[in-house]
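Visitor: Could you take me through one part of this model closely, namely its salt bridges, and set them against the sheet and the cores around them?

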Amino acid sequence: MHALSPLEYPWAEPPAPSNVQKVGDGLLWVRMPLPFALDHINLWILEDLDAGLTIVDTGLATDETQAIWDELLNGPLAGKAIRQLLCTHFHPDHMGLAGWLCQRFNAPLTTTLSEWAMGVILSCDRSEAFSENQADFYYRAGLNPEKIHRVEKRGNTLSRRVSPVPKCFNRIRHGDTIMIGSYAWDVIIGQGHSPEMACLYCPTQNILIAGDQVLPRISPNISVWPNEPDANPLALYRHSLETLKDLVPDTALVLPSHGLPFRGLHRRIDAILQHHKDRLKDCLSACQDTPRSAADLLNVLFRHPLDEHGLLFAVGEAIAHIHLLEQENALERIHGADHIDRFMVRRTK
């Protein structure tokens, strides 16, 4: 994908742990580690000399991340008050320490309604029903019993990666403008990767804080999840990318949550759209003559080995592509006696 999208990278390296990198006027870049194959998240700090700092996203709720925040707040950010915390979306690497930071500094949480609600609900759900729903979903997707059993035993991993999400928040919507210092930031909502992700664009500085909506080297995970089993997130994602392309120029400096800041937004969006177009063609080809489950398509859509963490993301991605093709009447669902969902190219009559 990267070969299709030549981008400009103003910084060749990220800031070292516990350090900051200036990327704009009153705008700092911090990087936190993640214990996954995708091993980091970028956080952004907006400075208002009068009112203090606005932190954009938090990192996972781990002792390591808290220790890095302590080093930052006693080091390069020493003496600066935190005015508010803004979370782009509810995923634990973005909202994991929201409760901890908001409580520690008596700072409000700002986010969209859907992201706050999903964060609150999923961070609290440790019920057996949660695990049972997961098992049923992945059974219908065609995973084998051993893998389903491991999924059921894992339970709700998100609830173990977040501090309690604040029970009140400040809501932002698409089209809102947030004033931070002397700069206005326009709220642009992205869908597909999460329900209502908040991207922030500053026309004066021509800077886009993109969250996970556009990443420079990988496509964001666009998945169907057990809590919304008939969703069509890929359709939402493609529409959101076109909206972003209309509202933000190609020359903008893009600050992604993963990877390095870059310029070349429109080229990157075109490459991501082409990537999904190619995957949809692969799905159609694989389902041409034989009904296939989502699990059957993993080897078609993913060329690299999948660990247990990545497996569920991959299954969700496969279902997302299947559901888009089903909605477009290119695939039809085949109901079998085993209750596994399989799909085949729809034959014209």
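Guide: A residue is called buried when its relative accessible area is under 20%, exposed when it is over 50%, and partly exposed in between. This is a predicted model, and in it Arg-150, with a relative accessible area of 31%, is therefore partly exposed. Arg-150 forms a salt bridge with Glu-146, their closest N and O atoms being 3.0 Å apart, and Glu-146, at 55%, is exposed. Both residues belong to helix 6 (residues 145–154), where, being four residues apart, they are separated by about one helical turn.

The salt bridge between the side chains of Arg-83 and Asp-48, at 3.9 Å from N to O, has another setting. Arg-83 lies in strand 5 and Asp-48 in strand 3, so this pair ties together parts that are 35 residues apart in sequence. Arg-83 counts as partly exposed at 30% relative accessibility, whereas Asp-48, at 13%, counts as buried. The wider frame is an open sheet of seven strands in the order 1-2-3-4-5-6-7, with mixed pairing, whose edge strands, strand 1 (21–24) and strand 7 (170–171), each pair on one side only. Strand 5 (residues 82–86) runs parallel to strand 6 (residues 109–111), to which two bridges join it, and Leu-85 stands opposite Leu-109 of strand 6. Helix 1 (residues 63–74) lies across strands 2, 3, 4 and 5, running at about 150 degrees to strand 2.

A further salt bridge brings together the side chains of Arg-347 and Asp-289, at 3.6 Å from N to O. This pair links distant parts of the chain, 58 residues apart, with Arg-347 in the segment after strand 15 (341–345) and Asp-289 in the loop between helix 8 (265–286) and helix 9 (298–301). Arg-347 counts as partly exposed at 41% relative accessibility, while Asp-289, at 61%, is exposed. Arg-140, Glu-326, Arg-333 and Asp-341 are linked in a network of salt bridges, and the count for the model comes to 17 salt bridges.

As for the cores, the largest nonpolar one has 52 residues, and Tyr-138, Leu-143, Leu-208, Val-214, Val-248 and Val-315 are those with the most contacts inside it. Helix 10 (residues 308–327) gives the largest share of this core, 10 residues. Apart from this core lies another, of 35 residues, among them Ile-41, Leu-60, Leu-73 and Leu-122.

Conventions
Residues are numbered from 1 along each chain as its sequence is written. This is a predicted model: local features need pLDDT of at least 70, side-chain atom pairs count only at pLDDT 80 or more; totals for chains, interfaces and linings use all residues. Side-chain values use heavy atoms; hydrogens and water are left out. Two strands pair if DSSP finds at least two bridges between them. Contact means heavy atoms within 4.5 Å. Axes are lines fitted to C-alpha atoms, for helices over the stretch in contact, and angles run from 0 to 180 degrees between N-to-C directions. A nonpolar core is a set of buried Ala, Val, Leu, Ile, Met, Phe, Trp, Tyr and Cys residues joined through side-chain atoms within 4.5 Å. Buried means under 20% relative accessible area, exposed over 50%, partly exposed in between (1.4 Å probe, protein chains only). A salt bridge is a side-chain nitrogen of Lys or Arg within 4 Å of a carboxyl oxygen of Asp or Glu.
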